[in-house]
Amino acid sequence: MDMKNIILIGMPGAGKSTIGVILAKVLGFHFIDTDIVIQEQEKCLLKDIIESKGLEGFLKIENQVNCDIITEGSVIATGGSVIYGSQAMDHLREIGTVIYIKLSYETLKKRLGNIRQRGVVLKKGQNLKSLYEERCPLYEKYAHIIVDSEGLGTEELMEKIVCVLDELPDKK
């Protein structure tokens, strides 16, 4: 397992960006939030990109942005829909350790307010429950490590991730 980068994947509201910033400080890494990289590249908010370019257009941009990441010593918080881009996921798995921050549907539902405001990628007729059921197997498929964060505060989750990373056999 390669420690060049730590890549966080998971549902919107799982805490990828929040934990990513803290993890980067603790590890002495840089922090990259791919949603912000997308917004900077496109010069508009995620929800506006989805509105103007459609779902497929957004996913294409997200895949391209994630494929273009070249870094070392970074914690990368990805958007929840990153797992729809197989090229992006293959690239991210090559440049670092992919950690899936797992949460129950009930907890996510409580944490998320208006999911469309957050720029969450929903297909026509899809709701949070069906999105959760569709994505969880993909997160598990691409993750090197799955960290269950149910019932954990930010500090506890960060410590759990650091412990898991410390236990990796051939960390650099």
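Ile 99 stands opposite Ile 145 in strand S5, and that pair is a good place to enter this predicted model. Four bridges join strand S4, residues 97–102, to S5, and these two strands run parallel.

Step back from that pairing and the rest of the sheet comes into view. Five strands form an open sheet with parallel pairing, and their order is S2-S3-S1-S4-S5. Strand S2 (30–33) and strand S5 (145–148) stand at the edges with a single partner strand each, so one side of each is left without a neighbour in the sheet. On average, neighbouring strands are turned by 20 degrees against each other, direction ignored.

Now let us add the helices. Helix H1, residues 16–27, packs on the sheet and touches strand S1 (5–9), S2, strand S3 (74–77) and S4. The direction of H1 makes about 165 degrees with that of S1. Helix H4 lies across S1, S3 and S4, and runs at about 140 degrees to S1.

H4 also leads us to another helix. The axes of H3 (residues 46–67) and H4 (residues 86–95) come within 8 Å and cross at roughly 20 degrees. Because angles under 35 degrees count as roughly parallel, H3 is roughly parallel to H4. The crossing in which H3 passes H4 is left-handed.

Which residues make this contact? From H3 come Asn 63, Asn 66 and Cys 67, while H4 supplies Ser 86, Gln 87, Ala 88, His 91 and Leu 92. Sorted by class, the contact of H3 with H4 has five polar residues, three nonpolar residues and no charged ones.

Definitions and conventions
Residues are numbered from 1 along each chain as its sequence is written. This is a predicted model: local features need pLDDT of at least 70, side-chain atom pairs count only at pLDDT 80 or more; totals for chains, interfaces and linings use all residues. Side-chain values use heavy atoms; hydrogens and water are left out. Axes are lines fitted to C-alpha atoms, for helices over the stretch in contact, and angles run from 0 to 180 degrees between N-to-C directions. Angles under 35 degrees count as roughly parallel, over 145 as roughly antiparallel, 65 to 115 as roughly perpendicular and the rest as oblique. A crossing is left-handed if the near helix is turned anticlockwise from the far one by less than a right angle, and right-handed if clockwise. Contact means heavy atoms within 4.5 Å. Ala, Val, Leu, Ile, Met, Phe, Trp, Tyr, Cys and Pro count as nonpolar, Asp, Glu, Lys and Arg as charged, and the others, Gly among them, as polar. Two strands pair if DSSP finds at least two bridges between them.
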